[in-house]
Every structure is written in structure tokens, then in C-alpha cells.
Amino acid sequence: MKTMNFLVTGVGGQGALLASGILADVGVKAGYDVKKSEVHGMAQRGGSVTSTVRWGEKVYSPLIGQGEADYLLALEKLEALRYVGMLRPGGIAVVGDLGIPPLSVSSGNDVYPGDEEVRRVLSEVTDDYHFIPSIRLAEELGNARAHNVVLLGALSTFIEDVPPEVWLQSIAERVPKKFVELNKRAFQAGREARSSR
Amino acid sequence: MKVLLSGNEAVARGAYESGVRVAAAYPGTPSTEILETLAQYDEVYSEWAPNEKVALDVAIGAAYAGSRSMAVMKHVGLNVAADAFFYASMTGLEAGLVVVSADDPFMHSSQNEQDNRRYAKFARVPCLEPSDSQEAKDLVGVALDISEQFDSPVLLRLTTRISHSDTLVELGERQVEEPTELPEYRIDRVKYVMVPGNARRRHPVIEERIEKLKEFAETFPYNKVEMGDTSLGIVTDGVAYQYAREVFPEASFLKLGMTYPLPPEMIRDFASKVDRLIVIEELDPFIEEEIRLMGIAVEGKNIFPMIGEFNPQIVRQSAIKAGLLPPSAAMEVKQPELETPLPLRPPILCPGCPHRGVFLMTKKLKMVVNGDIGCYTLAFLPPLSALHTCGCMGASIGQAHGVSKAGIAQKHAAVIGDSTFFHTGLPALLNVAYNKSDTVVIILDNRTTAMTGHQQHPGTGMTLKGEPTKAVEFEDVARAFGIDRVHTVDPYNLKEVEGALRDCLEAEGPAVIVSRRECALLPQARKLWMSLRVNEERCNGCGLCFEVGCPAIVKSEQLDAKTGRAKARIDPLLCTGCEICAQVCARKAILFREEMIKEGESA
Ligand SMILES: Cc1ncc(C[n+]2csc(CCOP(=O)(O)OP(=O)(O)O)c2C)c(N)n1
Ligand code: SF4
Ligand code: SF4
């Protein structure tokens with residue numbers, strides 16, 4: 001078993017921690033030793049959030065250093081750029097096609113990087129990056145909040161050893177009951193979005 | 001069955017399984033989830049105390065009464081509880097007492113990165129350190145056993161990374177028989193009354209205890225030798241062990257589960273078997289200094305940083321720099337070039353935060369503000385820049401009293417959160433009343449301990465277990481202290497805040513302003529959320545509302561024809577409708593709720 005390192009990033013309140021919780025659980029269900037670590041923000045809304053998940057035969061460190069993530073799962077584009085240096089050169093980045101401008105941008109003091117710049121920066125580390133219209137797909141299913149699970153669906157297509165059923169079971173266990181069906185469909189939508197490219 | 005638990009959840013589970021009966025804490029990142037998790041077990045009595053000293057006294061009392069107990073706090077909480085920690089070390093206890101301290105290397109959410117292993121040595125108390133959640137759970141029981149065997153409190157030291165990492169844990173059952181009848185309280189005046197005569201008798205006892213614990217540590221199963229290549233021997237503890245194992249897969253290890261006191265023979269033996277001995281530990285050179293005191297040659301902080309948190313990369317690069325690893329051991333890293341630095345996302349007061357109203361007015365009156373710790377500390381940031389000191393919990397009122405006695409040209413006040421007021425603000429307010437200063441104390445009563453994730457406190461009328469209880473009124477407290485000038489204001493009403501401030505600043509003598517409005521994230525507040533809108537015809541882009549510092553107010557693409565400045569726009573997904581910006585706008589360009597509702601009706 002090769003150790004697999006994931007870095008999940010996003011903005012507070014977006015559901016990055018739910019995504020990393022599911023990711024960790026999927027690893028356990030698939031029989032790996034798993035460690036997950038997260039930087040809890042404070043109570044306020046809108047800070048940057050990161051979480052590391054590691055699967056392996058035996059995992060020691062709960063953290064990884066720069067260049068050690070095999071997968072970057074970013075729920076927001078600016079947060080993808082902020083942490084892309086954590087990705088192993090040539091690693092896989094799954095990025096939600098969504099921009100949330102921080103206060104300094106909306107107040108006009110900073111500029112949010114344009115899509116071309118986002119692509120250029122990502123491609124300096126890897127060509128294997130994938131924008132997923134996660135919000136649009138989740139909205140089509142009736143709830144934009146399921147965008148995190150859309151992204152997990154897309155990510156799951158890169159991890160061939162773990163069948164989709166394992167992911168779906170973990171999702172069913174971790175999201176509130178009344179949203180299980182929605183999230184299962186969100187997961188499928190993410191898988192299809194990736195394979196239709 | 002193995003389950004993923006955070007270190008904090010594991011500590012709670014460990015307390016449950018090992019028969020803890022009473023647990024008390026004051027919230028503080030990264031320790032807060034321990035009591036929140038423990039509260040789910042009906043077999044354990046658990047509570048939020050107003051501060052860490054009270055929490056520790058409660059746990060000590062329970063242990064004096066013969067029940068296993070636990071007190072939990074973040075690292076700086078042990079400063080507050082230090083007095084209790086020291087006397088408990090002197091007296092010992094009738095049943096196990098574990099004191100959990102969660103340290104915060106890198107200060108993810110703290111004002112300093114003190115290393116609380118120093119407290120263990122300072123108070124002659126053994127210190128245990130887990131390196132993952134399994135150990136976090138197991139070491140609670142081990143700590144209680146040691147506590148009972150050696151008649152001493154035991155410090156269980158966590159760090160943020162242990163507290164907030166999930167690793168696999170094997171669950172067990174609760175190992176305790178519930179008593180059928182109440183135990184007799186055992187009275188032992190010589191042991192428990194720390195008057196000088198008795199204390200002089202106890203001091204040799206606790207020095208001897210540490211000597212015995214040293215012997216115990218020699219065979220303590222959580223002090224583990226893992227021999228590998230003997231050219232390098234690594235002594236390590238806590239999460240640093242995990243990083244070290246990853247970076248030096250071949251080396252020999254002495255992993256310490258007890259970092260105070262250390263086992264001298266075990267260390268001497270390990271040192272003699274390796275060519276080069278190094279210590280890998282976060283923060284202070286605590287283990288390193290202890291080993292050096294044994295007369296053993298050792299390296300540590302000459303190689304690895306003393307500041308901040310470790311990760312495998314930091315350990316690896318420090319090792320490469322010191323020649324412990326070849327340069328080829330470095331990871332391939334691509335740090336992409338950026339056209340401009342990425343905009344940051346610092347924490348910031350939420351849209352609709354009630355604290356904002358108070359700081360806008362202290363700023364308007366050009367007041368110096370001695371601040372405190374909580375969400376409201378963020379008012380120090382521009383554009384508000386309205387809070388001017390933050391040292392430790394409860395400091396604001398004492399500082400403001402000192403400022404008042406020293407005398408300054410500007411108007412000034414102390415600003416303190418409701419939870420912080422109960423924590424350590426109470427005696428300071430008493431001092432203001434007693435020693436008659438002109439201090440104005442503003443209590444930000446947002447009905448919760450918001451910063452740490454919304455915990456109950458004595459003003460909320462709810463306990464940790466969610467039971468209703470008496471809610472303390474700040475106004476009553478102030479009057480009981482002898483402060484007659486007491487105002488209650490709604491921070492969403494800027495005129496009201498300003499009026500109260502002016503009244504208090506003009507008058508002589510102490511004054512209290514209670515600013516009452518619940519945190520915008522509480523469920524009852526969320527129910528009232530609605531978004532306001534900017535009337536773009538009325539807005540001329542003057543920018544006054546941007547000074548409110550609300551994340552929901554953004555610069556619109558529309559420019560004012562005359563001034564060429566960007567007009568304001570309100571993000572409907574973020575705005576809660578607090579109307580603070582609407583009151584600031586001189587051109588009435590931001591529609592109040594009532595206007596919004598009318599508009600909705602006519603549309
Ligand atoms: C001694 C100590 N204990 C705990 C903490 C953690 N802590 C920081 S702010 C805070 C509570 C703030 O609550 P409150 O005063 O009500 O302000 P709010 O965040 O609600 O605005 C706590 C518990 C600390 N910094 N120091
Ligand atoms: S969590 Fe509550 S108190 Fe804290 S900044 Fe947000 S609204 Fe204000
Ligand atoms: S009313 Fe104004 S200050 Fe209040 S949340 Fe909305 S935009 Fe922010």
C-alpha cells in the first residue's frame with residue numbers, strides 16, 4: 001500500500017471539513033491506516049480552512065510538508081492557489097470553479113486573480129488540474145451546499161482502488177438524513193463531470 | 001472496533017472509560033471539544049466553570065472526596081489555575097486527578113506559545129504526553145493510575161496537533177463500579193491544611209515522590225526504545241515523534257510518553273548505544289536540558305527550531321542543514337511565481353456582529369480602548385482600529401483603572417466580553433468600584449462565548465449539559481458592587497450607544513455599559529437575518545459605509561458619475577440586516593429593514 005496524501009482547502013462555512021471527514025472515513029473503510037488533521041478557524045465566518053488526510057499502510061505524521069500532497073481538493077480557486085505549493089509536482093488538483101473574494105478584494109484594495117492567472121499558477125505545479133463546476137452542478141440538483149460532495153465525486157475517479165459504493169456509504173453516514181439522497185446524486189454528478197471531460 | 005477520533009474526543013472517551021466522575025473546564029482552543037464530548041456521557045458529571053482556577057479547584061475537591069476527576073484547559077488556562085495546581089501537588093489527593101493542558105505551538109489561536117511541561121517540573125507533578133489519539137485515550141487512565149499510586153495530580157499535556165488530529169482508536173468499556181452508597185469524606189488535617197507547619201512536612205514528601213517517579217519511569221511502558229541504525233539516536237515526545245519517525249525511518253528512537261520526570265538510566269543506556277544523540281521536541285528545549293543536566297552530551301535546539309509548530313518538512317530541512325540527512329533527502333517542491341501576492345483571508349468580525357456597533361462609537365468619540373480576549377479583539381483591525389490592548393483574559397478592566405489613575409488626555413474605556421467578564425473581569429470591576437476610578441467598563445453581552453465556538457456561561461442561563469439555570473445579570477452585579485451609573489444599550493442602535501458613552505464619560509465615578517445583543521451566528525439571531533440593499537441612485541460612493549468594516553459591504557462596479565468613486569453594494573448572501581451601516585450612511589442610501597419590507601410589499 002502506497003501512502004496517499006490529500007489536502008482539502010476552502011473558505012470557512014463552505015463544507016471543507018465535512019469533505020475531509022468523509023475522505024478520512026473512506027480511507028478507514030477501504031482498510032487503510034488513516035490520519036486527518038485540520039486547522040480550526042475561530043468562530044467567525046469566512047477564514048481560510050485547510051485539512052490534511054493521509055491513507056497508508058502505517059501513517060505517522062498527521063501533517064505533510066510542501067510538495068507532499070498527491071491530491072489537492074480545493075473548494076475555492078483562491079484557496080487552490082494559496083496551497084498549490086503543497087502539491088507534489090505532477091500531482092492531481094480538483095478545484096471547484098468558484099471564487100469567493102476576501103474582504104480586501106471586495107473593499108477594492110486587492111485584486112482577485114483572474115482565471116487565466118489561476119490556470120497559469122496551477123500549471124506551474126501540475127498539468128493534471130481539473131476545474132469542476134461544483135456549484136452549478138449542485139444547484140442543478142437543488143442545493144448549492146452539496147458542491148463539496150460533487151468535488152469528492154470528481155476526486156473519487158482518480159482513486160481506482162476504492163469503489164464508489166464505499167464513498168457513497170460514507171456520505172450516507174456523514175450527511176444529515178434528509179440530505180443523503182441529494183448528496184449521493186451530487187457525488188455521481190461529480191464523477192460524471194470528470195469522466196465527460 | 002477501531003474508530004477515528006480526534007485527540008480531544010479520545011481524551012473524553014478515556015475519561016469516560018477510566019471512571020472519571022467529575023470533570024470541569026473553561027473553554028479554550030484547542031481544548032474545548034474535550035468537555036463538549038464528555039458532556040454526552042451521563043455517567044460523568046461535567047461543567048463549564050467560570051475560569052480555569054475554579055475548574056481545577058472543583059476537580060481537586062472531587063478528588064479529595066474520593067472520586068476520579070479531571071480539569072481541562074488551554075495552556076494559558078494553567079496560568080490562571082497555577083495556584084491550585086501547586087497546592088494540589090503539595091497535598092496529594094484521595095482519588096486520581098488528571099489536569100489536561102492543551103498547548104498551542106504556532107499560536108493558532110493564542111497569545112503566546114508557553115511550554116507547559118515547565119509547569120510539571122515547577123510543581124513537581126508528572127507529565128504525560130500522547131503522540132496520537134489512541135495514546136491520548138489510554139494515557140488518561142494511566143494518568144489516573146499514576147495519580148493514585150503516587151498521590152499526585154498528573155499533567156496530561158496535549159498540543160493543538162494532537163487535539164485536532166483524528167487517528168484510529170480502539171474503544172473500551174467504562175471500568176468502574178458505581179458506588180451503592182456515598183463514601184465517607186476522609187479527614188486528614190495534616191495532609192490537606194497547607195498552613196506553613198504542615199506544608200513544611202509535605203515538601204520533602206513531594207520531592208521524594210519525584211525521585212520515586214524517576215524510578216517508575218525507567219520501566220514505564222510508554223517510554224519506549226525502538227532500536228534501528230545506531231549512528232543516530234533520537235529522543236522525542238508527542239507529535240514530534242510522528243514527524244521524526246517519518247523523516248528518519250532508519251534511526252534509533254527513545255520515545256517518551258512521560259516527559260517529567262525523565263528516566264535517567266534508560267536515557268544513559270540509550271545514549272551509550274548510539275553515536276549521536278539528538279532531541280526532537282517542539283517549543284522549549286525541555287527534554288534536552290534535562291538530559292544535559294544528567295551530564296550527557298546531546299543536541300537539539302541547535303538543529304531544530306524553538307519557535308512554532310513542527311511538521312515533517314521543518315524537521316527534514318533542519319536535519320539537512322545540520323548534515324543529519326543528505327541534501328538529496330529534500331522533497332521536490334514547486335512554489336509557483338505569482339504576479340501579485342495573494343489576497344489574505346484573516347479572521348474578521350462577521351456581518352451583523354453586534355460588537356461592531358460599540359467600536360464604531362468609541363472610535364467616533366476618539367476613545368482609547370483597553371481591550372480583552374474574544375471575537376471583539378478583532379476590532380483592532382482596520383478599518384475599525386478601535387481596540388488598543390489585548391494581553392490576557394480579564395486584563396482590560398484593571399488596565400483601564402490604571403490608565404484612569406495615571407491620567408491621560410483622551411477619553412477611554414475598558415471593553416470586555418460577557419464570558420471574559422465572568423472569567424476574570426469580576427474582581428477587576430470590584431476594584432474599579434472600591435478604589436473609585438472614573439473608568440467606563442463596557443460589557444459586550446452577546447449571550448455566549450463566541451470565539452471558542454459558542455459555549456454556555458453564567459450569563460446564558462444554560463449549563464454545559466443544556467440544563468436551564470439562573471442567569472446572572474451584569475447590571476445587578478455592577479450595582480451590587482456599588483456602581484450607580486449603569487446603562488443597558490442595544491449595539492444595533494448607534495445613537496443609544498453614543499448617548500450612553502457620552503453620559504458616562506461626562507460624569508465622574510465608575511460606570512458600566514452593558515451592550516446586549518446576541519451573536520449574529522446564534523440560532524435565534526439567524527432566524528432574523530434578512531439582507532439590506534443599497535439604493536444606487538442615492539449612493540454617491542462617499543465610502544463612509546466601508547469604514548464599518550462589514551464583509552457584506554463591497555465596492556460595486558458602478559461608479560458615481562460626479563465623483564468617479566465606486567458605489568457601495570451589499571452582498572445579499574452575507575448581510576444579516578443589522579442596520580449598522582444604514583445608520584452610518586449620511587445620504588440614507590442603505591435601506592432599513594422597514595423600507596425593504598415596504599418595497600417587497602409594493603413590488
Ligand atoms: C486563560 C484563558 N482561557 C481561555 C482562553 C480562550 N478564549 C479566548 S477568548 C474566549 C472567550 C471569549 O468569550 P467572550 O468574552 O464572551 O467574547 P466573544 O468571543 O463572545 O465576543 C476564550 C474562552 C484564553 N485566551 N485564555
Ligand atoms: S461569531 Fe458572533 S461575536 Fe464572533 S464575530 Fe461573529 S457575530 Fe461577532
Ligand atoms: S446591515 Fe450593513 S453592516 Fe449589517 S450585515 Fe448588512 S451590510 Fe453588514
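**Chain A, B:Thr448 and the surroundings of ligand 3**

Chain A exposes about 7400 Å² (Shrake-Rupley method, 1.4 Å probe), and carbon and sulfur atoms supply 49% of this area. The model is predicted, so local features need pLDDT of at least 70 and side-chain atom pairs pLDDT 80 or more, whereas totals for chains, interfaces and linings use all residues. Residues are numbered from 1 along each chain as its sequence is written, chains are lettered from A and ligands numbered from 1 in the order of writing, and side-chain values use heavy atoms, without hydrogens and water.

Chain A contains eight helices and six strands (DSSP runs of H or I, at least four residues, and of E, at least two), in the order β-α-β-β-β-α-β-α-α-β-α-α-α-α from the N terminus. The radius of gyration of chain A, taken over C-alpha atoms, is 16 Å; the globule rule (2.2 Å times the number of residues to the power 0.38) gives 16 Å for 197 residues, so the chain is as compact as a globular protein of that length. Of the 197 residues in chain A, 62% are buried (under 20% relative accessible area, 1.4 Å probe, protein chains only). Among contacts (heavy atoms within 4.5 Å) between residues of chain A at least 6 apart in sequence, 64% join residues at least 24 apart.

In chain B, B:Thr448 lies in the loop between β16 (440-445) and α18 (474-480). B:Thr448 is buried because its relative accessibility is 3%. Beyond four places in sequence, B:Thr448 touches B:Asp418, B:His454, B:Gln455, B:His457, B:Thr460, B:Cys519 and B:Leu522.

Around ligand 3 there are 13 residues (a heavy atom within 4 Å), of which B:Cys550, B:Cys575, B:Cys578, B:Glu579 and B:Cys581 come nearest.

Key:
Buried < 20%, exposed > 50% of the residue type's maximum accessible area, 1.4 Å probe, protein only.
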